[in-house]
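Here are a few notes to help you find your way around. Have the view open and follow the points in order.

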Amino acid sequence: ATWGRIGAWARLTAGAAQRLEVPSAVPAPTGTDGEPATAVAPARPVTVSHKEVEVAHTAWLQRLARELTRFLTASGRASMLRSVWVTGGASRLPGTHEMLSAVFGVPARELDLLARLQHDLTPEQAADFGPRLATALGLALRRLGGPDGFELRQEDLTLTRGFERVKFPLAIACMVALLAMLVWWNQKQRELGLLEFKIGSTFTGKQDAKADTLFYGGLNAVFATDWFKNHFRIEQASGKDYTHKDLIADLAKTPVQKRLQLVRDKLREMADRKQKESGIFEDVSLESGLAVLVRWAEMMRPAEPQPGVEGRLGRYVITSLHVNMKADTNAKSSASRRLEFTIAFRGPDFRTRREELQRMIEAEIARPDSPFAPPDSPPTAKDEEIFRDTKETGVEGAYYRVTMHVKDSFEPFGPSGNDRVGMAEPTPKAANSLPVAAGGGK
């Protein structure tokens, strides 16, 4: 550019080297008043050989030819060219017209900008400055309102930097990602709405202001019956019980995803309170030996003599009692789970009373909630042992060994013996005691 400004373009074909003076590359520092603080460094002489200029010129023509070829290929309009006009300071360099004619396929001609303008230049000056006045004339016409110029470097030939090269693909990628996110969000919203219907969102249709709040989905199935209205109640220490209406009001204020959990927690709280009130907890084993003894005592209690009532069995003594709740997996029957007791009847009617006891046992086994199962075989004579009190009264009697098989599972602490046998309410002392004589032996 330096030697171009001082006329080295005109001496390119002279074949001689050029000696130039190049100023200092680093500008002199300035003071606060804008004047140079130090003296300007003197220019240094530089000799540019003709060979260096020729090599640089050839490389420039080749680069220009490649860019023009790429532009024509990208535009697809190479066959539509009818003429090529050339202007600019470098348009008269050797080889320029030939290169342009070879690229465009039509002869390149110099554009005479001063032919249609009035000027005071001599013919020699016009011929010398004409090609180099294109930029100045264009700026002048621009001020007069001329048309916009044409940018040759378009499409893939446009001068772009790193971000400018990727900003369009990046914008497309962002648009696609945003569209995918919107589609995904819409799908999740629809899924969330369906889940809310399944769990039980609030019904918002036209309804009476005094009517109960309605729900969709799972909550609708929970409140489909009148169980909550008739039975749901949690006693509070404040005196006001927590009822069905309070539960519905809390559900309406609770987020949809937590409504079923709220119902479950309230039912669990109600169950805990009922267990504490009744003393029966869900962790009591169905195969509890205590439950078997309680049911056996309920069966035997109506047979006890009461004031004014002899009792179904009269006076009797339980001499031994044994409960075995351990199941034998190798046994062919349920004989391993059993309750065994020995009962003594004194008097001449001991066999009649034994038959009455057998009827009581059969009635207990016949009940669906009984823990006892039918025996594998009826009682035999070997279960009877007769005795005689010869030293005192001569009254005879008998010991009977009774075995009652226990089911694998049963309802513990079923209905009381009063409802089962139709007897009157026993006295507190009789109700809280078992007719069992401790100890074994006759």
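1. Start with the crossing of α2 and α3, which is right-handed. Please keep in mind throughout that this is a predicted model. Helix α2 covers residues 50–75 and helix α3 covers residues 96–104; their axes come within 10 Å and cross at roughly 25°. Angles under 35 degrees count as roughly parallel, so α2 is roughly parallel to α3.

2. Which residues of α2 and α3 meet? On the α2 side you will find His57, Trp60, Leu61, Leu64, Ala65, Leu68, Thr69 and Leu72. Their partners in α3 are Thr96, Met99, Leu100, Val103 and Phe104. By type, the residues of this contact between α2 and α3 are 10 nonpolar and 3 polar, with no charged ones.

3. Next, turn to a second helix pair, α11 (residues 289–300) and α12 (residues 350–366). Their axes come within 10 Å and cross at roughly 130°. Are α11 and α12 parallel or oblique to each other? An angle over 145 degrees would count as roughly antiparallel, and 65 to 115 as roughly perpendicular; α11 and α12 are therefore oblique. The crossing of α11 and α12 is right-handed.

4. To see where α11 and α12 touch, pick out Arg295, Met299 and Met300 in α11, then Leu357, Met360, Ile361 and Glu364 in α12. The residues of this contact between α11 and α12 divide into 5 nonpolar and 2 charged, with no polar ones.

5. Now for a single residue, Asp112. Look for Asp112 in the loop between β4 (108–110) and α4 (123–129). Is Asp112 buried or exposed? Its relative accessible area is 51%, and exposed means over 50%, so Asp112 counts as exposed. Asp112 and Trp85 are 27 residues apart along the chain, and their C-alpha atoms are separated by 9.2 Å.

6. Finally, step back to the whole chain. Its secondary structure comes to 14 helices and 11 strands. The chain has 442 residues, of which 25% count as buried. About 30,800 Å² of the chain is exposed, and carbon and sulfur atoms supply 56% of that area.

7. One last thing to look at is how contacts are spread along the sequence. Taking contacts in the chain between residues at least 6 apart in sequence, 63% join residues at least 24 apart.

Methods:
Residues are numbered from 1 along each chain as its sequence is written. This is a predicted model: local features need pLDDT of at least 70, side-chain atom pairs count only at pLDDT 80 or more; totals for chains, interfaces and linings use all residues. Side-chain values use heavy atoms; hydrogens and water are left out. Axes are lines fitted to C-alpha atoms, for helices over the stretch in contact, and angles run from 0 to 180 degrees between N-to-C directions. Helices (H or I, at least four residues) and strands (E, at least two) are DSSP runs, numbered from the N terminus. A crossing is left-handed if the near helix is turned anticlockwise from the far one by less than a right angle, and right-handed if clockwise. Contact means heavy atoms within 4.5 Å. Ala, Val, Leu, Ile, Met, Phe, Trp, Tyr, Cys and Pro count as nonpolar, Asp, Glu, Lys and Arg as charged, and the others, Gly among them, as polar. Buried means under 20% relative accessible area, exposed over 50%, partly exposed in between (1.4 Å probe, protein chains only). Accessible areas come from the Shrake-Rupley method with a 1.4 Å probe; for residues, only the protein chains shown count as cover.
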